[in-house]
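Student: I would like to look closely at a single strand of this protein and at what surrounds it. Could you describe its setting in one connected account?

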Amino acid sequence: MDCSIAPRGLGALMLGAAVAGCASVAPVPYSEMASSAYMAPDKSDASGRVPYRYSTPVDWRAYNKVILEPVVVYRGRDHQFGDMSDQDKATLAAYMQTRFAERLRGRFMLVRERAPNTLRIRLTLTGAVTNTPVLGTLSRFDMAGAVYNGVQAARDGEGMMTGSVIYGVEIFDAGTSRLISAYVTKQYPGAYDIKASVGALAAANAGVDKGADALMAQLN
């Protein structure tokens with residue numbers, strides 16, 4: 001048996017995945033999100049991670065408390081979960097709730113009642129893609145995969161056969177219920193994050209972590 005057949009086969013598979021990756025899931029301004037009518041394409045976001053946004057002038061330092069609502073799993077027809085199971089959606093939503101609360105707690109007092117100087121944040125999980133078992137990890141070592149992932153890493157793009165998470169963030173002044181910021185974002189791990197390629201939801205979870213850090217950067 002020619003031992004080079006298997007590597008060539010894997011390389012061809014990786015190249016096929018790279019082509020498919022060009023048509024990866026892109027967020028939309030989800031029609032059943034309350035803020036969708038306010039959001040517009042965010043031309044200032046070169047990364048493509050935040051394609052839609054609504055913002056108003058706000059002094060974030062005026063707020064020292066936050067209400068974090070339970071994460072909502074989006075049920076609209078324009079959701080982007082594919083065939084993801086309800087159990088995986090619930091697991092991912094629970095992870096989001098925990099990680100965002102942890103990040104927010106480092107800057108705000110988490111409260112349950114509306115009061116002055118308080119934000120109210122609603123997270124809506126609108127889509128996710130799971131990792132491709134085994135091949136997602138192998139693509140980091142295969143020659144064709146290494147080339148593709150190298151290009152993606154240089155431009156902060158998605159790795160081959162790697163999962164992602166898509167969600168909406170709506171931020172209100174809790175005292176007045178006025179919407180002051182909203183956006184839709186797609187988050188994913190670095191193209192060479194091996195740890196995030198192992199396990200169905202590992203990449204989506206890594207995306208949640210990145211997204212929580214991005215929110216805190218905005219609020220600080």
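Tutor: The model is a predicted one, and the strand chosen here is β7, which spans residues 164-173. Of its 10 residues, 10 are buried. This holds for each of its two faces: Ser164, Ile166, Gly168, Glu170 and Phe172 point one way, Val165, Tyr167, Val169, Ile171 and Asp173 point the other way, and all are buried. The buried set therefore includes Glu170 and Asp173, since buried means under 20% relative accessible area.

The partners of β7 come next. Strand β6, residues 118-129, runs antiparallel to β7 and is joined to it by 10 bridges. Within this pairing, Leu125 stands opposite Tyr167 of β7. Strand β8, residues 178-187, also pairs with β7 in the antiparallel sense, over nine bridges. Here Ile166 has Lys186 in β8 as its bridge partner.

The connection from β7 to β8 is a hairpin with four residues between the two strands. One residue of that turn, Ser177, has a positive phi of about 65 degrees, although Ser177 is not a glycine. Most residues other than glycine have a negative phi. With a relative accessibility of 31%, Ser177 counts as partly exposed, whereas the residues of β7 are buried. A positive phi also occurs at Asn117, again not a glycine, with a value of about 60 degrees. Asn117 lies in the loop between β5 (109-110) and β6, and its relative accessible area of 40% makes it partly exposed.

The strand also takes part in the nonpolar interior. The largest nonpolar core has 34 residues, and Ile171 is among those with the most contacts inside it, together with Phe100, Leu104, Leu119, Ile121, Leu215 and Leu219. The elements that give two or more residues to this core are β3 (65-68), α2 (86-105), β6, β7, β8 and α5 (202-219). Thus β7 and both of the strands described above as its partners, β6 and β8, are on that list. A second, separate core of 10 residues includes Met39, Tyr74, Leu179 and Ala182. In soluble globular proteins, nonpolar side chains tend to be buried together.

Phe100 gives a direct view of contacts that reach β7. Leaving aside residues up to four places away in sequence, Phe100 touches Tyr167 as well as Leu68, Leu123, Val208, Gly211, Ala212 and Leu215. Tyr167 thus has two neighbours named in this account: Leu125 stands opposite it in the strand pairing, and Phe100 touches it.

Notes
Residues are numbered from 1 along each chain as its sequence is written. This is a predicted model: local features need pLDDT of at least 70, side-chain atom pairs count only at pLDDT 80 or more; totals for chains, interfaces and linings use all residues. Side-chain values use heavy atoms; hydrogens and water are left out. Buried means under 20% relative accessible area, exposed over 50%, partly exposed in between (1.4 Å probe, protein chains only). Two strands pair if DSSP finds at least two bridges between them. A nonpolar core is a set of buried Ala, Val, Leu, Ile, Met, Phe, Trp, Tyr and Cys residues joined through side-chain atoms within 4.5 Å. Contact means heavy atoms within 4.5 Å.
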